Amino acid sequence: GNNDSEVGCTVDGESVKIGVNGKYLLESLSVLGENTVFEMNDPSSPIVLKEAGRSEFVAVVMPMNLGR
């Protein structure tokens, strides 16, 4: 099935639209705190997630092709 969700954020750079597996994203976010940083180079590159100011846990989530 499909699920479209939006997350509020502060963007440093150009805005992009990405698709990710929600299960993998939620698993990563459940470990990270409220101030999670998403780092990526472009919509098809891996997304690095980490908590701002901390380095105990880093997650990598691969984006999915949105087919648009």
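# A walk through the predicted model

Met40 sits in the loop that connects strand E2 (36-39) with strand E3, and this residue of the predicted model is a convenient place to begin. With a relative accessible area of 27%, Met40 is partly exposed, because values between the 20% limit for buried residues and the 50% limit for exposed ones are classed in that way. Once its neighbours within four places in sequence are set aside, Met40 is in contact with Val16, Ile18, Ser45, Pro46 and Ile47. Ser30, by comparison, is ten residues from Met40 in sequence, and the C-alpha atoms of Met40 and Ser30 are 20 Å apart in space.

From this loop one can step back to the chain as a whole. The protein chain contains one helix and five strands, and, read from the N terminus, its elements follow the order β-α-β-β-β-β. The C-alpha atoms occupy a box of roughly 35 × 30 × 20 Å along the principal axes. For 68 residues, a compact globule would be expected to have a radius of gyration near 11 Å, and the 12 Å computed for the protein chain agrees with that expectation. Of the contacts between residues at least 6 apart in sequence, 33% join residues that are at least 24 apart.

The surface and the interior can then be taken in turn. The protein chain exposes about 5700 Å², of which carbon and sulfur atoms supply 47%, while buried residues account for 16% of the 68 residues. As for charge, there are 5 positive and 10 negative charges, and the mean positions of these two sets lie 5 Å apart.

In soluble globular proteins, nonpolar side chains tend to be buried together. Here the largest nonpolar core is made up of six residues, namely Leu25, Leu32, Ile47, Leu49, Ala59 and Val61. Strand E3 (47-51) and strand E4 (58-61) are the elements that give two or more residues to this core. Leu49, a member of the core, touches Leu25, Leu29, Leu32, Thr36, Val37, Phe38, Phe57, Val58, Ala59 and Val61, when residues up to four places away in sequence are not counted.

Val61, another of the core residues, is found in strand E4. Its relative accessible area is 4%, and Val61 is therefore buried. Beyond its neighbours within four places in sequence, Val61 is in contact with Val20, Tyr24, Ser28, Pro46, Ile47 and Leu49. Val61 can also be related to Gly22, which lies 39 residues away in sequence, whereas the C-alpha atoms of the two are 10.0 Å apart in space.

The contact between Val61 and Ser28 leads to helix H1 (residues 22-31), where Ser28 lies. Ser28 has a relative accessible area of 7% and so counts as buried. Leaving aside neighbours within four places in sequence, the contacts of Ser28 are with Phe57, Ala59 and Val61, and two of these partners, Ala59 and Val61, are listed in the largest nonpolar core.

How is Val58 classed, buried or partly exposed? Val58 has its place in strand E4, the strand in which Val61 is also found, but at 47% relative accessibility Val58 counts as partly exposed, because this value falls short of the 50% above which a residue is called exposed. Without counting residues up to four places away in sequence, Val58 touches Val48, Leu49 and Lys50. The C-alpha atoms of Val58 and Ile47 are separated by 10 Å, the two residues being eleven apart along the chain. Ile47 in turn belongs to the largest nonpolar core and is in contact with Met40, which brings the reader back to the loop between strand E2 and strand E3.

How values were computed
Residues are numbered from 1 along each chain as its sequence is written. This is a predicted model: local features need pLDDT of at least 70, side-chain atom pairs count only at pLDDT 80 or more; totals for chains, interfaces and linings use all residues. Side-chain values use heavy atoms; hydrogens and water are left out. Helices (H or I, at least four residues) and strands (E, at least two) are DSSP runs, numbered from the N terminus. The radius of gyration is taken over C-alpha atoms; the globule rule is 2.2 Å times the number of residues to the power 0.38. Buried means under 20% relative accessible area, exposed over 50%, partly exposed in between (1.4 Å probe, protein chains only). Contact means heavy atoms within 4.5 Å. Accessible areas come from the Shrake-Rupley method with a 1.4 Å probe; for residues, only the protein chains shown count as cover. Lys and Arg count as positive and Asp and Glu as negative; His and the chain ends are not counted. The place of a charge is taken as NZ of Lys, CZ of Arg, CG of Asp or CD of Glu. A nonpolar core is a set of buried Ala, Val, Leu, Ile, Met, Phe, Trp, Tyr and Cys residues joined through side-chain atoms within 4.5 Å.
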